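Trainee: Please take a close look at a single part of this model, the metal site, and say how the chain is arranged around it.

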Amino acid sequence: MFHYTTMTKLNIRLEVMQTIEKSMDEMMLKYLKPIETNWQPTDFLPESDSPGFFEEIKEIQETAKTMEYDLWAVLIGDTITEEALPTYESWLMSVEGVSQDGKNGWSRWIRAWTAEENRHGDLLNKYLYLSGRVNMKAMEISTQYLISDGFDIGTGHDPYKNFVYTSFQEMATNISHRRVASLSKQSGNARLAKICGVIASDEARHASAYIDFITKIFEFDPSEAMLAFADMMRNKIVMPAHFLRETGGSIGSLFSHFSDAAQRIGVYTTQDYIEILETLLEKWNIDKIKDLNGQAEKSRDYLLELPDRLKRISERIKIPQEQYKFSWVGI
Ligand SMILES: [Fe+2]
Ligand SMILES: [Fe+2]
């Protein structure tokens with residue numbers, strides 16, 4: 001544990017980051033896969049130089065037709081979210097304690113994490129292009145807008161808040177890709193089920209890594225970690241695509257149409273948000289953490305009561321049933 005008598009909050013954060021950085025090689029080995037043996041998008045797509053290429057595309061287009069509208073719209077929205085990876089990488093590079101100079105372990109982590117994540121948008125984009133059921137130009141315009149508009153996730157450059165955010169987000173993406181996988185399987189689309197399944201398992205690995213970073217942060221700086229966690233939850237975890245917009249439109253209601261569709265088909269719901277929070281409370285042993293200052297004790301109480309409060313609120317939320325016509329969805 002570090003002591004606040006002689007050091008500022010920022011100095012302690014930098015010390016904590018440097019301390020964790022010492023085990024970066026070990027963590028990269030544990031949470032990331034070697035590039036040579038990792039899956040690549042091509043493993044799940046027809047090879048354009050193979051004689052059966054056109055047959056396979058026919059099959060992709062036939063099975064894509066069986067997917068229901070909301071599921072298809074959510075899959076496209078998920079793809080755009082994955083494609084906005086430049087925003088996430090550049091944001092994480094500006095976190096306190098991360099530096100692109102020298103051999104900083106944190107920037108090595110972020111680059112290697114980005115390199116794994118980059119396969120997600122790549123694979124989904126190629127699949128959607130082949131599916132014949134997407135207005136690709138509209139999707140590409142939304143993607144360019146989303147990268148250009150950036151995001152505002154309420155973390156500042158604080159490593160504690162950022163890793164709480166990424167822990168939450170990686171769990172959320174794991175859930176949503178996993179659900180799209182099982183709904184695809186139910187509608188007879190085995191290829192898409194496999195695609196979303198492998199992406200979901202990457203997200204689960206990444207979630208474990210960020211959860212581990214915060215576990216370590218709690219060991220070194222429990223009060224500040226607690227305050228950061230509570231602060232993120234007070235402001236609500238916003239999704240990375242909350243600035244989503246489509247061709248001809250402005251930032252506003254499009255993200256809520258996307259999230260309503262995800263709620264309607266059970267791909268990502270308020271209940272999931274609450275369950276992620278409960279998992280994090282458990283993983284970080286929030287009820288057992290000692291040596292907290294007064295303010296952090298109050299934050300801990302707030303966090304422990306939050307799931308029940310959110311459950312009561314969520315009972316009153318009504319999800320709009322009317323499907324929104326996204327410009328991305330083809331026939
Ligand atoms: Fe991803
Ligand atoms: Fe991810």
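Mentor: Glu117 bridges the iron ion (ligand 2) and the iron ion (ligand 1), and the two ions lie 3.4 Å apart. Glu117 lies in helix 6 and Glu203 in helix 9, so this pair ties together parts that are 86 residues apart in sequence. Helices here are DSSP runs (H or I, at least four residues), numbered from the N terminus.

Before going further, some conventions. This is a predicted model, in which local features need pLDDT of at least 70 and side-chain atom pairs count only at pLDDT 80 or more, while totals for chains, interfaces and linings use all residues. Residues are numbered from 1 along each chain as its sequence is written, chains are lettered from A and ligands numbered from 1 in the order in which they are written, and side-chain values use heavy atoms, with hydrogens and water left out.

The iron ion (ligand 2) has as protein donors Glu117 (OE), Glu170 (OE) and Glu203 (OE), lying 2.0 Å from it. Donors are N, O and S atoms within 2.8 Å of the metal (3.2 Å for Na, K and Ca); water is not among the atoms, so sites may look incomplete. Along the chain, the donors of the iron ion (ligand 2) follow the spacing E-x52-E-x32-E.

For the iron ion (ligand 1), the protein donors are Glu82 (OE), Glu82 (OE), Glu117 (OE), His120 (ND1) and Glu203 (OE), at 2.1 to 2.4 Å from the ion. Their spacing along the chain is E-x34-E-x2-H-x82-E. His120 lies in helix 6 (residues 105–131) and Glu203 in helix 9 (residues 190–220), so that pair ties together parts that are 83 residues apart in sequence.

As for exposure, Glu117 is buried, with a relative accessible area of 4%. Glu203 also counts as buried, at 1% relative accessibility, and His120 is buried as well. Buried means under 20% relative accessible area (1.4 Å probe, protein chains only).

Helix 6 also takes part in the lining of the second largest pocket, giving the most to that lining with four residues. Among the lining residues are Ala112, Ala115, Glu116 and Arg119. A pocket is an open set of points on a 1 Å grid over the protein atoms alone, where a 1.4 Å probe fits, with protein on both sides within 12 Å along at least five of seven lines; lining residues have an atom within 4 Å of a point.

Conventions. Helices (H or I, at least four residues) and strands (E, at least two) are DSSP runs, numbered from the N terminus. Buried means under 20% relative accessible area, exposed over 50%, partly exposed in between (1.4 Å probe, protein chains only).
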